[in-house]
Each structure stands twice: as C-alpha cells, then as structure tokens.
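Subject: The structure we talked about

Hi,

Here is the structure I promised to pass on. Have a look at it first, and then read on for what turned up.

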Amino acid sequence: MDWHLIVPGETGWADSGVEGAWEVRLRPGQPVLAVKPEVVWRGSHILTPSEVTQAAQALCGHEIAARQRELTEGFLPLPGGHRLGVCGVIGPKGMREIISLCVRLAHEVKGAGESIFSLIRGFSTLIVGPPGAGKTTMLRDIVRLYSMEGTPVGVADERGEIAACRDGAPQLDVGPMTDVVTGLDKENALRLLVRAMAPRVAAVDEIGGEVDAAALGEALRCGITVLATIHGRSLSDIWQRRGMEKLLASGAFERAVCLASPGEKPKVLCWNGEEIKG
C-alpha cells in the first residue's frame, strides 16, 4: 500500500507504526485515523473535503468516473486485496460527492488456519464473523493449506480480495494447486471453475442472498467441499440472513468457524452448535 495516498498532509505517519493498521479512515474536518487491533493512531492534520476526494481518486487510479457501478455498492477493490469503502451523496448517475473513506487493508497471515485445519479438513465450512474479524484472512490461509497438501482448489474471487490477482498471478499466497477466477460474480465463477478446473474444494468470500445460496448449492451437489465466509457474530445470527435459509437448513455446511476479532483464537463448531476442540 502506498501510504502517502491515504494519509494526505501528514508527515509523522512513517514513524507511527501505522503500517500495521487494519483500516484507515478519512473524513473531512477530522484527522486521519488508523485503526490497529489495540490502538487508534490519530494524525495531526485536519482533512479538507477536497483532500478526501483526492485520496479516493489517487487510490483508484483516477478512474472514479468509470467505476460508478462499484461506487454505488459502497466500495472499490484495490490492488493487493485491499478495499476502499466510500460514503457520499448518490444521485441518478451515481456518486456525485464523496464524504468519507474507509481503506480496509488486507493482511496475509500465513498459519492463521493451521490450528483448526485438522478439524475442518474435508468438511464444507462456513467462516462466521463481524466485519474486520479476519474472515478473508482465515479463508485465504485454509485455501493455501489445502493447496499445499495437493488438493485442487478453485477460488471465486469476485472482489479480488482473496488472491489479489494482478498481471496474471496471485499477489497473495493461495498455494500451488489453486485456480482463481476474479472479477466475475460467484454464480458464474463457480460454474466456470467446476467445468474447467475440476476442483475438489471451492472457496468464496462474503456470501449472502438467494443467488449465492443457489450457486453454492450447485457446487455442493457436484461433490465439492465448499469454504465460504459470512457476516455475523454467531450461528444464530446467520440464520436470520434473508435468502440463505434453505441452504443453511439443508445441512450443506458441516462445520462453522466463528471469529470475534483479528488475532483471537477461532472456535470450530459442528452445525448443531457443539464446539469441536483439537
């Protein structure tokens, strides 16, 4: 990440340890805030509205006008698996005024899934946690572990945050036996992977709604082990997700990994809620 793009006007960030932040927030009339697991770093410079807009332009390669569809969904994928969250004024033709930014920074943590891998290997698994809990980080490492042991894995990387492919190659380590489709919706990406690459394991990030549920159901009926993430704090939370009821009730997932916050030890549960301990 090119830090000078997201800490405009600051001179002290280089010595602040801000590089370890999980997210950086920019709001007009406020200093830059870099959120780390146990502390929030505050800059000394008060941002202007134009600086926030300029930071957004720079981060997305000065292509905001061409990326209105993504903007109206609230985020833009960035190189390296990072994500730019955007809030503002939305008009008939898209976002016409940017008000605040949240740069979610991807962190590759090799070994994040090692403590639980033996408990979920061979089982379709749903990784559950609130935003920022490390679901994608955990998913990526489980993909890597499967791949390292010789299992063909297919990744439907719709937003480019799992493998962060660039110039034809993943920028984040997903292992030597992993094939990635990026920039395509989960339904079509999974269909392509099943037909073209015959994976034994398929991975997707941030599922929700009937279309995702149908795509995962089809992959499961093909005999593929599925790994997926979903927003929620508990198994009871995800049962409230509209459009997911049939998939969850079908017993498609055999394990759940519950995350509370980055770095916290994950809990592995059977689908009935019973904790599995290694």
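Before the details, one cut-off is useful: a residue counts as buried under 20% relative accessible area, as exposed over 50%, and as partly exposed in between. Please keep in mind throughout that this is a predicted model.

**Salt bridges**

How many salt bridges does a search of the whole structure find? The search gives twelve, and three of the pairs are described here.

Let me begin with Arg25 and Glu23, whose side chains form a salt bridge with N to O at 2.7 Å. Arg25 has a relative accessible area of 27%, so this residue is partly exposed. Its partner Glu23 has 15% and is therefore buried.

Next come Glu161 and Arg83, whose side chains meet in a salt bridge at 2.5 Å, N to O. This pair links distant parts of the chain, 78 residues apart: Glu161 lies in the loop between strand E8 (153-157) and strand E9 (165-166), while Arg83 belongs to strand E5 (residues 83-91). Both are covered: Glu161 is buried at 8% relative accessibility, and Arg83 is buried at 11%.

The third pair is Asp212 and Lys186, with their closest N and O atoms 3.8 Å apart. Here too, distant parts of the chain are linked, with Asp212 in helix H6 (residues 210-221) and Lys186 in helix H5 (residues 186-197), 26 residues apart. Asp212 is buried, with a relative accessibility of 12%, and Lys186 is buried as well, at 4%. Returning to Glu161 and Arg83, salt bridges with shared partners join Arg83, Arg159, Glu161 and Glu206 into one network.

**Two helices**

H6, the helix that holds Asp212, has twelve residues and spans 16 Å between its first and last C-alpha, close to the 16 Å expected at 1.5 Å a residue. Which residues of H6 are buried? They are Asp212, Ala213, Ala215, Leu216, Gly217, Ala219 and Leu220. The cover over these buried residues includes H5, strand E12 (201-204), strand E13 (225-231) and helix H8 (245-249). After H6 comes Gly223, with a positive phi near 85°.

Helix H4 (residues 135-148) has 14 residues and reaches 20 Å from first C-alpha to last, close to the 20 Å expected at 1.5 Å a residue. H4 is mostly covered, with 13 of its 14 residues buried. Just after H4, Gly150 has a positive phi of about 100°.

**The sheet**

Six strands make up an open antiparallel sheet, in the order E3-E2-E1-E6-E5-E4. Strand E3 (40-46) and strand E4 (75-77) are at the edges with a single partner strand each, so one side of each has no neighbour in the sheet. From one strand to the next, the twist averages 25°.

Within this sheet, strand E1 (residues 23-26) and strand E6 (residues 94-104) run antiparallel and are joined by four bridges. One residue to look at is Leu26, whose bridge partner in E6 is Leu101. Helix H1 (residues 49-59) packs on the sheet and touches E1, E3, E5 and E6. The direction of H1 makes about 75° with that of E6.

I hope this helps you find your way around the model.

Best wishes

Notes. Residues numbered from 1 in each chain as written. Predicted model: local features only at pLDDT ≥ 70, side-chain atom pairs only at ≥ 80, totals over all residues. Heavy atoms only, no water. Salt bridge = Lys/Arg side-chain N within 4 Å of Asp/Glu carboxyl O. Buried < 20%, exposed > 50% of the residue type's maximum accessible area, 1.4 Å probe, protein only. Helix = DSSP H or I, 4+ residues; strand = E, 2+ residues; numbered from the N terminus. Expected span 1.5 Å × (residues − 1). Contact = heavy atoms within 4.5 Å. Pairing = 2+ DSSP bridges. Axes fitted to C-alpha atoms, helices over the stretch in contact; angles between N-to-C directions.
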